Amino acid sequence: MDEVDIEVVADVELDDPVLVEGLPGVGHVGKLVAEHLVEETESTLVRRVYSELFPPQVTVSEESVASLADAEFHAIETEGRDLLVLTGDHQATDNRGHYRLTDAFLDVAEKFGVSELYALGGVPTGELVEDHAVVGAVGDDEQKDVLEDAGVEFRSEEPSGGIVGTSGLLVGLGTRRDFEAACLMGETSGYLVDPKSARAVLEVLENLLDFEVDFEALDERADEMEDVVEQMQQMEQGPSPGGEEDLRYIG
């Protein structure tokens with residue numbers, strides 16, 4: 001296999017498409033948004049990206065069928081801007097791999113006529129939050145006004161640690177390749193898979209790109225996570241050797 005192997009699954013014509021990236025990260029916020037878009041619309045799988053830069057493993061389905069690690073592009077036609085959604089279960093295993101794969105992702109986007117992209121993720125707060133703000137970062141200062149009108153907040157030097165992995169590189173490398181690039185990050189504790197934060201990001205994306213999607217499945221996942229949080233809080237309040245412990249990341 002080549003270092004990066006792009007499989008053509010289908011070809012479709014998209015109208016002024018926007019790349020939306022949601023790979024695993026803090027709170028799985030971006031991945032939840034991307035998966036929800038793919039599952040709740042008439043999406044078409046158009047590309048699979050295989051690479052030796054992904055972890056050396058396969059994914060095993062409920063039917064015990066093994067599939068090589070990959071990333072997928074799904075095309076979605078909407079009443080607003082058409083979408084090219086990038087998602088998957090893995091990111092690269094090292095620094096060079098992140099750069100190499102991100103360049104490959106941008107190559108695919110270019111072939112579909114994409115000139116604008118949104119990388120999605122979470123920004124950790126270190127504590128459970130009720131109201132999930134969406135924090136933004138842009139490749140060009142002129143993009144801020146439109147994003148602020150859609151509900152995005154810009155905070156000085158936040159996220160403080162920068163944006164690592166594919167989401168950050170899509171903005172950095174994408175801007176160097178003349179994409180209009182931004183990252184939308186939902187506030188999340190950083191300890192748990194966070195469907196509520198994902199919903200906040202998806203609502204902003206709807207405002208920006210003028211489409212609508214049903215939220216029922218995402219809301220059901222949020223209710224499930226609330227039950228998990230409640231159980232964990234009850235466990236924390238009980239007696240434990242050494243006193244209280246912080247919540248542990250389980251997503």
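1. A search of the whole structure, which is a predicted model, finds 20 salt bridges. Three pairs and one network are taken up below, followed by helix α1, a charged patch and some backbone features.

2. R96 and E3 form one of these salt bridges, with the closest N and O atoms 2.7 Å apart. R96 sits in helix α2 (residues 95-111), and E3 belongs to the segment before β1 (4-8). The pair therefore ties together parts that are 93 residues apart in sequence. E3 has a relative accessible area of 21%, so it is partly exposed. That value falls just in the middle class, because buried means under 20%.

3. K31 pairs with D89; here the closest N and O atoms are 2.8 Å apart. K31 is in helix α1, while D89 is in the loop between β7 (83-88) and α2. The bridge thus ties together parts that are 58 residues apart in sequence. The two partners fall into separate classes of exposure. K31 counts as buried, at 9% relative accessibility. D89 counts as partly exposed, at 41%.

4. R177 and D103 meet through their side chains in a salt bridge of 3.0 Å, N to O. R177 lies in the loop between α4 (165-176) and β11 (180-188), and D103 lies in helix α2. Parts that are 74 residues apart in sequence are tied together by this pair. R177 is partly exposed at 23% relative accessibility. D103 is also partly exposed, with a relative accessible area of 29%.

5. Salt bridges also link residues into a network. Its members are E7, R48, D70 and E72.

6. Helix α1 deserves a check on its geometry. At 1.5 Å a residue, its 12 residues should span 16 Å. The end C-alpha atoms are 16 Å apart, which agrees.

7. Is α1 largely enclosed or open? Of its 12 residues, 9 are buried, so the rest of the structure largely encloses it. The buried set is V29, G30, K31, L32, V33, A34, H36, L37 and V38. K31, the partner of D89, is thus among the buried residues of the helix.

8. A negative patch lies on the surface. It is formed by E39, E40, D214, E216, E220, D223, E224, D227 and E230. Two elements, α1 (29-40) and α6 (216-237), each give two or more residues to the patch. The most come from α6, with 6 residues.

9. E39 connects the patch with helix α1. At 59% relative accessibility, E39 counts as exposed, because exposed means over 50%. In contrast, V38 is one of the buried residues of α1.

10. Which residues are joined by a cis peptide bond? They are E158 and P159, with omega at about 5°. P159 lies in the loop between β10 (152-153) and α4.

11. The loop between β10 and α4 also holds E157. Phi of E157 is near 60°, a positive value in a residue other than glycine. E157 counts as exposed, at 72% relative accessibility.

12. H28 also has a positive phi, about 55°, although it is not a glycine. H28 is in the loop between β2 (18-22) and α1.

Definitions and conventions
Residues numbered from 1 in each chain as written. Predicted model: local features only at pLDDT ≥ 70, side-chain atom pairs only at ≥ 80, totals over all residues. Heavy atoms only, no water. Patch = residues over 30% accessible without salt bridge, like charges linked within 9 Å, V, L, I, M, F, W, Y side chains within 5 Å. Areas by Shrake-Rupley, 256 points an atom, 1.4 Å probe, with all protein chains shown as cover. Salt bridge = Lys/Arg side-chain N within 4 Å of Asp/Glu carboxyl O. Lys, Arg positive; Asp, Glu negative; His and termini not counted. Charge placed at Lys NZ, Arg CZ, Asp CG, Glu CD. Helix = DSSP H or I, 4+ residues; strand = E, 2+ residues; numbered from the N terminus. Buried < 20%, exposed > 50% of the residue type's maximum accessible area, 1.4 Å probe, protein only. Expected span 1.5 Å × (residues − 1).
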